[in-house]
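Here are some short exercises, each with a worked solution. Have the sequence and the coordinates open while you try them.

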Amino acid sequence: MSFVSSFKLNDCLVRFVSITHLDEIREKIESLRQEGLLAESVYQDYLSSFKYRKPASLTRAKSIAVVAVPQPQIRVTFHWQSKPMPVVIPPTYIDVIKINRRLRTLLKERLGSNYRFVRAALPFKYLAVRSGLAQYGLNNITYIPKYGSFHRLTAFFTDYVSEDHWQEPRILEECNACRKCIKACPTGAMTEKRFLLKAERCLTYLNEKPAEEVFPDWVKPSWHNAIIGCMICQRVCPYNRDILNWYEDRGEFSQAETTYLLSGKYTGRNAARINRKLRRAGLDLSSFPRNLQALLR
Ligand code: B12
């Protein structure tokens with residue numbers, strides 16, 4: 001029997017690896033931790049929830065389907081001091097649940113409705129690169145043809161049996177002679193000395209924390225460039241040149257709404273209403289007012 005093992009679903013790319021690599025993935029992450037290359041706070045906040053085993057709901061899982069979903073930057077406009085202030089939300093923050101649901105439907109349509117697909121909690125970049133679906137950029141994120149780094153990654157355990165695409169991790173050839181991202185990163189999260197990001201210095205790590213946590217003193221106000229996350233290393237990347245102007249507008253906030261968001265006092269129906277509006281743009285109240293204050297200042 002021949003199996004489909006690498007294909008496109010609309011603009012999404014799909015690749016499979018065997019679940020026999022789960023131990024190797026865990027060992028890789030754990031060894032980085034033991035070598036002291038992963039800050040304990042980053043490990044606890046993001047990596048400790050990975051599950052390197054078959055899900056209880058799909059014990060007959062055989063493969064992991066890794067998927068790259070192209071996504072634009074999102075733009076929302078805050079009206080402030082009688083001026084429209086457009087702000088950016090990087091790719092990957094929007095429509096997470098909707099995308100996963102849609103992908104499951106598309107995968108079943110493509111491979112057969114008898115197969116099951118259960119979302120995996122695993123390190124997606126590593127999976128994407130090990131499957132050959134994507135390549136690492138020097139800025140530590142992954143790149144695919146045409147859409148560069150503008151894609152969301154996800155993965156599903158499945159009982160579908162595919163060819164195993166496991167391979168050595170690769171870095172974009174274009175990165176060999178380019179240091180633009182390292183030079184542009186203002187926080188020193190990227191250095192020549194190591195490939196792995198110093199995540200604890202990444203602006204995204206700091207502005208994804210709940211708003212009660214103030215930015216450290218070493219963060220210069222002029223560095224803030226997105227309402228959440230950061231676009232600096234992706235914006236300077238020559239590989240992204242052709243998609244840099246790919247934006248989707250997801251709403252406007254009036255002067256009154258902006259004033260409310262800057263107030264930091266959110267209760268009752270007003271809070272619920274504005275949170276719904278924020279969610280359409282991949283945001284929520286948890287990073288307000290800090291991130292908006294930092295941008296509008
Ligand atoms: C933790 C995390 C963060 C942390 C830490 C980032 C990090 N580098 O780990 C913080 C909060 C800082 C962060 C920031 C961002 N993140 Co993030 N994050 C994650 C998360 C939850 C896990 C990432 C992870 O596995 N880290 C562990 C490290 C060890 O893995 P790794 O980076 O792949 O490291 C490997 C390489 O360094 C490699 N390696 C080491 N040496 C060498 C040498 C060579 C030559 C080679 C080839 C490889 C190599 O080995 C390491 C181990 O495998 C994933 C979601 C998920 N479930 O996977 C999203 C995810 C990685 N993030 C994502 C995004 C978009 C971002 C931001 C761009 C958001 C933004 N715009 O602000 C920034 C980018 C920061 C940056 N330049 O890396 C996307 C990436 C999509 C893409 N195109 O790559 C993901 C996949 C979310 C998603 N569902 O799409 N993130």
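**Exercise 1.** Is K146 buried or exposed, and what is the sign of its phi?

*Solution.* Step one: K146 counts as exposed because its relative accessibility is 62%; buried means under 20% relative accessible area, exposed over 50%, and partly exposed in between, with a 1.4 Å probe and protein chains only. Step two: phi of K146 is near 70 degrees, a positive value in a residue other than glycine. Step three: K146 sits in the loop between β8 (142-143) and β9 (151-158). Helices (H or I, at least four residues) and strands (E, at least two) are DSSP runs, numbered from the N terminus.

This is a predicted model, where local features need pLDDT of at least 70 and side-chain atom pairs count only at pLDDT 80 or more, while totals for chains, interfaces and linings use all residues. Residues are numbered from 1 along each chain as its sequence is written, and side-chain values use heavy atoms, with hydrogens and water left out.

**Exercise 2.** Where is D95, and what is its phi?

*Solution.* Look in the loop between β5 (83-89) and α3 (96-111) for D95. Its phi is positive, about 55 degrees, although D95 is not a glycine. With 23% relative accessibility, D95 counts as partly exposed. As background, most residues other than glycine have a negative phi, and most peptide bonds are trans.

**Exercise 3.** Which peptide bond is cis?

*Solution.* Check omega from F288 to P289: it is near 5 degrees, and the bond is cis. P289 belongs to the loop between α9 (268-279) and α10 (290-296).

**Exercise 4.** Which residues come nearest to the ligand?

*Solution.* Start with the 35 residues around the ligand (a heavy atom within 4 Å); F124, Y136, N139, T142 and T204 come nearest. Next, take the N and O atoms, using pairs within 3.5 Å. A backbone N or O atom of N139 is 2.8 Å from a ligand nitrogen atom, and one of T142 is 2.8 Å from a ligand oxygen atom. In N140, a side-chain N or O atom lies 3.3 Å from an oxygen atom of the ligand.

**Exercise 5.** In what order do the five strands of the open sheet lie?

*Solution.* The order is β1-β2-β3-β9-β6, with antiparallel pairing; two strands pair if DSSP finds at least two bridges between them. β1 (6-9) and β6 (117-119) stand at the edges with a single partner strand each, so one side of each has no neighbour in the sheet. Finally, eight bridges join β3 (residues 63-70) to β9, and I64 stands opposite F157 in β9.

Methods
Polar contact = N/O pair within 3.5 Å; in protein donor to acceptor, adjacent residues only side chain to side chain.
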